[in-house]
Amino acid sequence: MRKIYIAIVMVLMMSGNALFAGGGWPIPKGKGYLKLSQYVIRSNSYFTPSGDIVDISTASIYISSIYGEYGLTDRLGVTAYMPFFSRATLNEQVSTNGTLLAEGDAVNSLGDFDLAVKYGLIVNKPIVVSATLTFGLPLGNDAGGETQVLQTGDGEFNVMLGIEASRSFGQGKGYINTLAAYNDRSENFSDELRIGAEIGYRFAPKVSGALKILSVNSLQNGSDLETPANGIFSNNIEYLAITPEVNYFVKDDFGISGAIGFAASGKRVLASPSFSIGLFKSF
């Protein structure tokens with residue numbers, strides 16, 4: 001039974017990102033997981049605060065990160081999301097007759113780190129439940145570049161409590177996760193309510209897939225400040241993200257993952273798909 005439990009957790013983690021990795025299953029004692037990822041979003045359109053899409057100067061964000069998870073006991077684990085290099089850019093603006101209207105801009109720095117502890121509230125049951133307390137560290141730059149409007153972080157410390165419930169199916173080949181989280185943000189940023197769901201399945205010995213849905217909703221209890229040039233670190237952001245992901249297992253404990261994120265709706269975020277690719281390793 002324990003081997004099946006560990007196998008489900010590992011398959012799920014290799015299909016997950018920092019938010020959903022492990023789902024309701026805490027990582028077993030002494031087991032770990034690492035993922036090196038590259039994320040990029042490049043867009044010339046933007047969801048306004050009213051939800052309309054408007055054209056903007058092309059903005060891009062590139063994030064290189066390491067995600068890690070380790071089981072201290074069979075119920076308690078620690079996780080870390082570490083964007084060790086983040087780059088935000090804003091393209092130059094040129095008129096139709098070739099006149100330069102505005103210079104391009106860029107900023108490079110660390111991103112905002114997340115450190116978390118995860119505890120299994122209900123384990124070894126058909127439906128398992130875990131609670132995760134995440135501390136968001138504002139190590140990124142919230143006013144970068146010559147224009148001082150580019151961001152690689154939001155500049156606020158936040159604490160998020162999330163509850164995840166999961167169950168497996170298909171003799172451990174598939175899983176379903178659900179997530180509810182409250183994100184308490186500082187610096188007069190509005191708090192957030194996050195609701196998510198994920199379904200994944202290992203279609204072949206070396207291939208698994210997952211579909212994730214995440215809704216981020218602002219409680220509108222902070223200030224109305226925003227940074228439209230960047231679009232993923234603003235205050236009062238909202239979006240409904242749909243992200244399919246595919247994982248290829250080179251070995252049982254090592255593989256490659258790729259995902260594309262689409263925003264079905266949004267407010268104060270870039271209105272283009274995001275792309276990510278990663279290498280994962282369990283131990």
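This report walks through a predicted model, from its overall build down to a few strands, side chains and rings.

**The whole chain**

Let's start with the broad numbers. DSSP gives the protein one helix and 15 strands. Measuring along the principal axes, the C-alpha atoms fill a box of roughly 70 × 40 × 30 Å. The radius of gyration is 19 Å, which agrees with the value near 19 Å that a compact globule of 283 residues would have. Buried residues make up 48% of the 283. About 13,000 Å² is exposed, and carbon and sulfur atoms supply 63% of that area. As for contacts with a separation of 6 or more, 60% of them link residues 24 or more positions apart.

**Strand pairings**

Here are four antiparallel pairings, each with its bridge count and one pair of partner residues.

| Strands | Bridges | Bridge partners |
|---|---|---|
| Strand 1 and strand 2 | 15 bridges | Ser45 and Asp55 |
| Strand 2 and strand 3 | 13 bridges | Ile61 and Ala88 |
| Strand 10 and strand 11 | ten bridges | Thr178 and Ala197 |
| Strand 11 and strand 12 | twelve bridges | Gly200 and Ala210 |

Now for the turns. The hairpin of strand 1 and strand 2 has five residues between the strands, and Gly51 there takes a positive phi near 95°. Moving on, four residues make the link in the hairpin that joins strand 2 to strand 3. Strand 2 covers residues 53-71, while strand 3 covers residues 76-90.

Further along the chain, strand 10 takes in residues 174-185 and strand 11 residues 192-204. Six residues sit between these two strands in their hairpin, where Glu187 has a positive phi near 55°. Strand 11 also forms a hairpin with strand 12, this time with two residues between them. Strand 12 itself spans residues 207-218.

**Around Ser45 and Ser272**

Which residue's side chain makes a polar contact with the side chain of Ser272? That would be Ser43, at 2.7 Å. Ser272 belongs to the loop between strand 14 (254-267) and strand 15 (274-282). With a relative accessible area of 16%, Ser272 is under the 20% cut-off, so it counts as buried. Leaving aside residues up to four places away in sequence, Ser272 touches Ile41, Arg42, Ser43, Asn44, Ser45 and Gly261. The C-alpha atom of Ser272 is separated by 7.0 Å from that of Phe262, ten residues away along the chain.

Ser45, one of those contacts of Ser272, is found in strand 1, residues 32-47. Ser45 is buried too, with a relative accessible area of 10%. Its contacts, again without residues up to four places away, take in Ile53, Val54, Asp55 and Ile56, along with Leu270, Ala271 and Ser272. Among them, Asp55 is the bridge partner of Ser45 in strand 2.

**Val117**

Is Val117 buried or partly exposed? At 36% relative accessibility, Val117 counts as partly exposed. This residue is found in strand 7, residues 113-122. Apart from residues up to four places away in sequence, Val117 touches Gly77, Val78, Ala131, Thr132 and Leu133. For a longer span, take Val117 and Lys267: they are 150 residues apart along the chain, and their C-alpha atoms are separated by 30 Å.

**Aromatic rings**

A pair of aromatic rings is described by the distance of the centres and the angle of the planes. With ring centres within 6.5 Å as the cut-off, the count comes to five aromatic pairs. One of the pairs is Tyr70 with Phe283: the centres are 6.4 Å apart and the planes are at 20°, so the pair is stacked. Tyr70 lies in strand 2 and Phe283 in the segment after strand 15, so this pair ties together parts that are 213 residues apart in sequence. Tyr70 counts as partly exposed at 35% relative accessibility. Phe283 is partly exposed as well, with a relative accessible area of 46%.

Which residues form one aromatic cluster? Phe169, Tyr201 and Phe203 do.

Key: Residues numbered from 1 in each chain as written. Predicted model: local features only at pLDDT ≥ 70, side-chain atom pairs only at ≥ 80, totals over all residues. Heavy atoms only, no water. Pairing = 2+ DSSP bridges. Buried < 20%, exposed > 50% of the residue type's maximum accessible area, 1.4 Å probe, protein only. Contact = heavy atoms within 4.5 Å. Polar contact = N/O pair within 3.5 Å; in protein donor to acceptor, adjacent residues only side chain to side chain. Rg over C-alpha atoms; globule rule 2.2 N^0.38 Å. Areas by Shrake-Rupley, 256 points an atom, 1.4 Å probe, with all protein chains shown as cover. Phe/Tyr/Trp six-rings, centres within 6.5 Å; stacked < 30°, edge-to-face > 60°.
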